[in-house]
Amino acid sequence: MGKENRMKTIAVIGAGIVGSFLAYDLTQYEEVEVILFEKHGDVAQETSKANSAIVHAGYDPVDGTLKAKLNKRGAKMYQNICKQLGCGYQACGGYVLASNEEEVEILQELYARGKKRGITVEIKEREEVVKNEKNLSKHIRKALWVPDTAIITPWEVCEALVEEALWNGLQLHLHEEVLDIKACEKGYVIRSDKGQYSVDMLVNAAGLGAQKIMEMVEAESLFTITPKRGQYYVLAKRSQPYVSHVLYPAPSKAGKGVLAVPTIHGNILLGPTSEILKKVDNATTTSGLQEVQEKVEKIIQHVPYQEVIHSYSGCRPTGNNNDFYIEESRRCKGIFHLGCIDSPGLASAPAISEYVIVELMKLPLTFHKKKHIVHRQKPLIMRNLSETKQQALIQKHPGYGHIVCYCEQISEQEVVDCIHRKCGAHSIAGVKMRVRPGMGKCQGGYCEVEIAKLLARELQIPLHEVQYDEDSYYEVAKEGRR
């Protein structure tokens, strides 16, 4: 059988962290063509954009679940993946904190579960924890120490995965929503709001929209997704970190609780809430942020609220079965549903992709890995270079010497570079997501206009056509903030 006859076209719906890993992994095969559909104008625009950014080690999920299996496996995969892609990864470690006897018993259960799974865990007395976390609440008695807990920047990983997949043949369809899926003689026809596509296989990785996609295919509902909103505060960077490790309260039936989380870039996240909604709503509320304040003080004290620079919220696709739903369609061979990918979905994402490709699709049995993979050139980050290297670059490209964001020390040329990369930025929010102008203490008060001018120049469009994000234009958004 010739290679042409063996080619398979596989569609992935959803460019969040799971869909991005699938796109990346599938483009590693010779005989596969991959199409990635995303209804938004950029990758990582829903759950993957607004979460706690933690790679949980895998001690928490209940035994016998896909969450337990894939969390542990995925967490172990991240460090090498981030190193290869040039993305930030920090194994900062985490403490699960107990303030009473009932919570100490929960720590013992988690300790036993972690030991059983081969995860490094230790029970620590308060005195040991306070040496590392000076702002620990006076109520904390003991902690479960999990050194392999790590942090990443989820949207950075998504963008890097998709960019590298594009170098290896991925067809990326942004701003394109799937409306219908029908079986045909040799596979399936996907109808979007922009056209029709014939595919051999399809992976539903649509996150919050996975139920809607599933209902296009199945005769009966296989799972139900309920949006669960989490609201967060973001604290400014400090010369001395307020929190150095991920701090969790002892978990309850509602979830992991309100956490204190350091970020790759030196900020601190406080949150999330756990609010069941009828529909997706990413607004922050006074009551939600008040809840964060009340609950976070269970684990830490002296919270520097004067250093809050931002608040945000995001919804996660909570399911009705307390586990991930990852199965082939019951009526359509070659269609795979990935539903209810809530926490620890981020930590599990590389293993979810592996599970779908190896155990469900069984691609390694019939297809071959490419002998030559094209790797993306890692982004140049001026603030991380020595002064000698910075000066040499500025001599060649003066734009690297023109700072447009003083809070984050971002140069003009770094912004220009991110606009013109594969999977590049086409909005102020897209630039912010990739190279961080506007993420500092002034929240874009100085640099936003500079970024808008650069986008207008590089995209060759009038300033009034520059988008702030996919829902608004710069000039309109600016008027709304006055």
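When I say two residues touch, I mean heavy atoms within 4.5 Å. Keep that in mind, and keep in mind too that this is a predicted model.

Okay, let's start with Ser-353. It sits in helix α9, residues 345-360. Buried or exposed, this Ser-353? Buried, with a relative accessible area of 0%. And what does Ser-353 touch, if we don't count residues up to four places away in sequence? Phe-21, Leu-22 and Asp-25.

Next up, Ile-451. This one is in helix α13, which runs over residues 447-459. Ile-451 is buried as well, at 2% relative accessible area. Leave aside the neighbours within four places in sequence, and Ile-451 is in contact with Val-404, Val-415, Ile-428, Val-431 and Pro-437. If you'd like a distance across the model, take Val-157: it is 294 residues from Ile-451 along the chain, and the two C-alpha atoms are separated by 22 Å.

Right, cysteines. How many disulfides does the count come to? Zero. Let me walk you through two of the cysteines. For Cys-87, the closest cysteine sulfur is the one in Cys-82, 5.4 Å away, and that's too far for a bond, because the cut-off for a disulfide is 2.5 Å between sulfurs. Cys-92 also has its closest cysteine sulfur in Cys-82, but there the separation is 13 Å, so again no bond.

And are these two buried or exposed? Cys-87 counts as buried, at 9% relative accessibility, and Cys-92 is buried too, also at 9%.

That's my tour: Ser-353 in α9, Ile-451 in α13, and a disulfide count of zero.

How values were computed
Residues are numbered from 1 along each chain as its sequence is written. This is a predicted model: local features need pLDDT of at least 70, side-chain atom pairs count only at pLDDT 80 or more; totals for chains, interfaces and linings use all residues. Side-chain values use heavy atoms; hydrogens and water are left out. Buried means under 20% relative accessible area, exposed over 50%, partly exposed in between (1.4 Å probe, protein chains only). Helices (H or I, at least four residues) and strands (E, at least two) are DSSP runs, numbered from the N terminus.
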